[in-house]
Amino acid sequence: MPLPEREKLMQFVRFCIVGTVAAGIHYAVYYLLQLVTEGGFWLTVDYTVGYVVSLVCNFFMTTYFTFRSRPSAGKVAGFGFSHVVNYTLHIVLFNLFMALGVHRLVAPVLVLMVAVPTNFLILRFVYRKKN
């Protein structure tokens, strides 16, 4: 049964809240790591470590808060798949922006502007089924 429009809107609002928290975690870890690494290749490693740390928090917040669901093997698999796609998009865009000369503290913000809407659509598909 399709969700009413109001519930779809509220789901998107919750997704934005969770995404903001997860992006904050990702950026904070990246920022702290890039302060102590030498740049270049290590920026990609720093970005990846931040992504993985935020991924764990994101799964539980997305499951319980955004989609008001329970964890299941199918959701873990779907979430994992969505984040393989999402991470690939993130890292390609991050390195593209870096190659174009975008400052290393601005590039992650630009990446999020592209990747967040894409990830919402994938996750909405994964979580749309009732338990």
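In the predicted model, Gln34 counts as buried, at 3% relative accessibility. Gln34 is placed in helix α1. A polar atom of the Gln34 side chain lies 3.1 Å from the backbone oxygen of Tyr31. When neighbours within four places in sequence are left aside, the contacts of Gln34 are Leu43, Asp46, Arg104 and Leu105. The contact with Leu43 links this polar residue to a member of the largest nonpolar core.

That core consists of nine residues: Tyr30, Leu43, Tyr47, Ile91, Leu93, Phe94, Phe97, Ala107 and Val111. Two or more residues of the core come from each of α2, α3 and α4. The greatest contribution is that of α3, with four residues. Apart from this core lies another, of eight residues, including Phe59, Phe79, Phe120 and Tyr127. In soluble globular proteins, nonpolar side chains tend to be buried together. Within the largest core, Leu43 touches Tyr30 and Phe94. Beyond these two core members, Leu43 also touches Gln34, Met98 and Arg104, with residues up to four places away in sequence not counted.

Helix α3 comprises 27 residues. From the first C-alpha of α3 to the last, the helix reaches 38 Å, close to the 39 Å expected at 1.5 Å a residue. The buried residues of α3 are Lys75, Gly78, Phe79, Ser82, His83, Asn86, His90, Ile91, Leu93, Phe94 and Phe97. Among them, Ile91, Leu93, Phe94 and Phe97 belong to the largest nonpolar core, whereas Phe79 belongs to the eight-residue core. The packing partners of the buried residues of α3 are α1, α2 and α4. Following α3 is Gly101, which has a positive phi, near 90°.

Helix α4 spans residues 107-127 and has 21 residues. The distance from its first C-alpha to its last is 30 Å, close to the 30 Å expected at 1.5 Å a residue. At Ala115 the helix α4 bends by about 35°, and Pro117 follows within four residues of the bend. Ala115 is itself buried, as are Ala107, Pro108, Val111, Asn119, Phe120, Leu123, Val126 and Tyr127 of α4. The cover over these buried residues includes α1 (5-36), α2 (41-66) and α3 (73-99). Ala107 and Val111 of α4 take part in the largest core, while Phe120 and Tyr127 are among the residues of the eight-residue core.

In helix α2, Gly50 has its place. Gly50 counts as buried because its relative accessibility is 0%, under the 20% limit for buried residues. With neighbours within four places in sequence left aside, Gly50 is in contact with His26, Val29 and Tyr30. Of these contacts, Tyr30 is also a member of the largest nonpolar core. Gly50 and Gly101 are 51 residues apart along the chain, and their C-alpha atoms are separated by 21 Å. In the loop between α2 and α3 lies Arg68. Arg68 is not a glycine, yet has a positive phi of about 45°. Arg68 counts as exposed, at 58% relative accessibility.

Two salt bridges are present in the structure. Side chains of opposite charge can pair when their charged atoms come close. In one of the bridges, the side chains of Glu5 and Lys8 meet with an N to O distance of 3.5 Å. Both residues of this pair lie in helix α1 and are three residues apart, about one turn of the helix. An α-helix has 3.6 residues a turn, so residues three or four places apart point the same way. Glu5 is exposed, with a relative accessible area of 59%, and Lys8 is partly exposed, at 27%.

The salt bridge between Arg14 and Glu7 has its closest N and O atoms 2.8 Å apart. Arg14 is buried, with a relative accessible area of 5%, whereas Glu7 is partly exposed, at 29%.

Note on methods. Residues numbered from 1 in each chain as written. Predicted model: local features only at pLDDT ≥ 70, side-chain atom pairs only at ≥ 80, totals over all residues. Heavy atoms only, no water. Expected span 1.5 Å × (residues − 1). Bend = angle between axes of the 7 residues up to and from the residue. Buried < 20%, exposed > 50% of the residue type's maximum accessible area, 1.4 Å probe, protein only. Contact = heavy atoms within 4.5 Å. Core = buried A, V, L, I, M, F, W, Y, C linked by side-chain atoms within 4.5 Å. Polar contact = N/O pair within 3.5 Å; in protein donor to acceptor, adjacent residues only side chain to side chain. Salt bridge = Lys/Arg side-chain N within 4 Å of Asp/Glu carboxyl O.
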